[in-house]
Amino acid sequence: MIQALTNLADLTTILPFVFGVFAVLALSHEWRAARWWIFAIGAALGAALVAKLGFIPCGRMLAWLDITSPSGHTASATAAYGGIAMLYAQSNDSANRRAF
């Protein structure tokens, strides 16, 4: 059960999901939402990569923080699933807006 839940944040699951959402937005001619979608996901994954690369040489110097490396799984899952929740909330259906 825990492994299945963890797999939802794996890049082999997240990347097809992200590109699928982008394709749906683009095919629906929602160009602005599609651009923001790719920008937000790219920024989140890029920030996680930069943080990981930064903690390789600096992790030992900040041992008192007990941080070895930020979680890329958490960053990608938060960006993708949080982003789709926001897209859903911004849809035209007023019931969706009340839920969020």
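Buried means under 20% relative accessible area, exposed means over 50%, and partly exposed is what falls in between. Keep those cut-offs at hand for this tour of a predicted model.

**Stop 1: the whole chain**

Start with the cartoon view. The protein chain has 5 helices and 0 strands. Trace the elements from the N terminus and they read α-α-α-α-α. Now colour by burial. Of the 100 residues in the chain, 18% are buried. Switch to the surface. About 7,200 Å² is exposed, and carbon and sulfur atoms supply 70% of that area. Next, consider contacts with a separation of 6 or more. Residues 24 or more positions apart account for 51% of them.

**Stop 2: Phe 17 and Tyr 81**

Show the aromatic side chains. The structure holds 3 aromatic pairs. Select Phe 17 and Tyr 81 for one of them: the pair is tilted, with 5.4 Å centre to centre and 50° between the planes. Which parts of the chain does this pair tie together? Phe 17 sits in helix α2 and Tyr 81 in helix α4, so the pair links parts that are 64 residues apart in sequence.

Check the accessibility of each ring's residue. Tyr 81 has 31% relative accessibility, so it counts as partly exposed, because the partly exposed class lies between the 20% and 50% cut-offs. Phe 17, at 25%, also counts as partly exposed.

Add Trp 37 to the selection. Phe 17, Trp 37 and Tyr 81 form one aromatic cluster.

**Stop 3: Trp 36 and Phe 39**

Move to helix α3. Trp 36 and Phe 39 form an edge-to-face aromatic pair, 5.6 Å centre to centre with 85° between the planes. Both residues lie in α3, 3 residues apart, which is about one turn of the helix. Are they buried or exposed? Trp 36 counts as exposed, at 51% relative accessibility. Phe 39 counts as exposed too, at 52%.

Stay on this helix and select Arg 35, which is also found in α3. Arg 35 is exposed, with a relative accessible area of 55%. Now draw a distance from its C-alpha atom to that of Phe 22. The two residues are 13 apart along the chain, and the C-alpha atoms are separated by 8.3 Å.

**Stop 4: Leu 8**

Go back towards the N terminus. Leu 8 is in the loop between α1 (2-7) and α2. Its relative accessible area is 42%, so Leu 8 is partly exposed. What does Leu 8 touch, leaving aside its neighbours within four places in sequence? The contacts are Thr 13, Ile 14 and Tyr 81. Tyr 81 is already on display, as a member of the aromatic cluster with Phe 17 and Trp 37.

Draw one more distance here. Leu 8 and Ser 76 are 68 residues apart along the chain, and their C-alpha atoms are separated by 10.0 Å.

**Stop 5: Ala 26 and His 29**

Follow helix α2 to Ala 26, which lies in it. Ala 26 is buried, with a relative accessible area of 14%. Neighbours within four places in sequence aside, Ala 26 is in contact with Trp 31 and Ala 34.

Step on to His 29, in the loop between α2 and α3. His 29 counts as exposed, at 59% relative accessibility. Look at its backbone. His 29 has a positive phi of about 60°, although it is not a glycine. Most residues other than glycine have a negative phi.

**Stop 6: the largest pocket**

Finish with the pocket view. How much space lies in the largest pocket? The volume is about 520 Å³. Of the 20 residues that line this pocket, the closest to its centre are Leu 25, Glu 30, Ala 33, Leu 87 and Gln 90. Select those five and centre the view on them.

Then colour the lining by helix. α2 (11-27), α3 (31-58) and α4 (72-89) each supply at least two of its residues. Recolour by residue class. The lining divides into 13 nonpolar, 5 polar and 2 charged residues.

How values were computed
Residues numbered from 1 in each chain as written. Predicted model: local features only at pLDDT ≥ 70, side-chain atom pairs only at ≥ 80, totals over all residues. Heavy atoms only, no water. 1 Å grid on protein atoms, 1.4 Å probe; cavity = no way out; pocket = protein on both sides within 12 Å on 5 of 7 lines; lining within 4 Å. Points joined across faces, edges and corners; volume = space filled by probe spheres on them. Helix = DSSP H or I, 4+ residues; strand = E, 2+ residues; numbered from the N terminus. Nonpolar A, V, L, I, M, F, W, Y, C, P; charged D, E, K, R; others polar. Phe/Tyr/Trp six-rings, centres within 6.5 Å; stacked < 30°, edge-to-face > 60°. Buried < 20%, exposed > 50% of the residue type's maximum accessible area, 1.4 Å probe, protein only. Contact = heavy atoms within 4.5 Å. Areas by Shrake-Rupley, 256 points an atom, 1.4 Å probe, with all protein chains shown as cover.
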